[in-house]
Amino acid sequence: QVQLVESGGGLVQAGGSLRLSCVASGRTFSNYGWFRQAPGKEREFVAALNWSGGSAYYADSVKGRFTISRDNAKNTVYLQMNSLKPEDTAVYYCATGPAPLTTARARSWGQGTQVTVSS
């Protein structure tokens, strides 16, 4: 059983930055990533990477603004979010599963952390 614990959400003004963290424990899968769900919308993919290395992949809506990274020693995946926009407001979830990581292929989810971007 994988346990994923997110942190780092909060309230930020448009144009600001936040860094989300996800600490993983237990059984692991090859890919870790971030998803988000805004009120009244379906959960959507944001970014993911392979834990052993290789390229990260991103949703078009966040390319150039968000960066996913990992710290193997800390079993932690990060999502650095820059140039935030009000439309980035959502609950952000950490997830893991086989590649390519999608909502349907994710095997474990964190509890979510709220990100609110004010205009």
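**Group meeting: disulfide, cores and salt bridges**

With -80° about the S-S bond, the link between Cys22 and Cys94 is left-handed. I begin there, and I should say at once that the model is a predicted one. The sulfur atoms of Cys22 and Cys94 lie 2.0 Å apart in this disulfide. Cys22 belongs to strand E3 and Cys94 to strand E9, so that distant parts of the chain, 72 residues apart, are linked. Cys22 and Cys94 are both buried. The structure holds one disulfide. As a reminder, such a link is a covalent bond between the sulfur atoms of two cysteines.

I turn next to the nonpolar interior. The largest nonpolar core has 28 residues, and those that touch the most other members are Trp34, Val46, Phe66, Leu79, Met81 and Tyr92. Which strands each supply at least two residues of this core? They are E1 (2–7), E3 (18–26), E4 (31–37), E5 (44–50), E7 (66–71), E8 (76–81), E9 (90–97) and E11 (113–118). Strand E3 provides the largest share, with four residues.

Leu79 may serve as an example. Leaving aside residues up to four places away in sequence, Leu79 touches Leu18, Arg19, Leu20, Trp34, Val46, Ala47, Phe66, Thr67, Ile68 and Tyr92. There is also a second, separate core of five residues, with Phe35, Ala48, Leu101 and Ala106 among them.

My last topic is charge. Side chains of opposite charge can pair when their charged atoms come close. The count of salt bridges in this model is four, and I shall describe three that involve Arg36 or Asp88.

Glu44 pairs with Arg36, with the closest N and O atoms 2.6 Å apart. Are these two residues buried or partly exposed? Glu44, at 35% relative accessibility, counts as partly exposed, whereas Arg36, at 6%, counts as buried.

Arg36 also forms a salt bridge with Asp88, where the closest N and O atoms are 2.9 Å apart. Because Asp88 lies in the loop between E8 and E9 and Arg36 in strand E4, this pair ties together parts that are 52 residues apart in sequence. Both Asp88 and Arg36 are buried.

Asp88 in turn forms a salt bridge with Arg65, at 2.7 Å between the closest N and O atoms. Arg65 sits in the loop between strand E6 (57–58) and E7, 23 residues from Asp88. Arg65 and Asp88 are both buried. Through shared partners, the salt bridges join Arg36, Glu44, Arg65 and Asp88 into one network.

Thank you for your attention.

Methods. Residues are numbered from 1 along each chain as its sequence is written. This is a predicted model: local features need pLDDT of at least 70, side-chain atom pairs count only at pLDDT 80 or more; totals for chains, interfaces and linings use all residues. Side-chain values use heavy atoms; hydrogens and water are left out. A nonpolar core is a set of buried Ala, Val, Leu, Ile, Met, Phe, Trp, Tyr and Cys residues joined through side-chain atoms within 4.5 Å. Buried means under 20% relative accessible area, exposed over 50%, partly exposed in between (1.4 Å probe, protein chains only). Contact means heavy atoms within 4.5 Å. A disulfide is a pair of cysteine sulfur atoms within 2.5 Å. A salt bridge is a side-chain nitrogen of Lys or Arg within 4 Å of a carboxyl oxygen of Asp or Glu.
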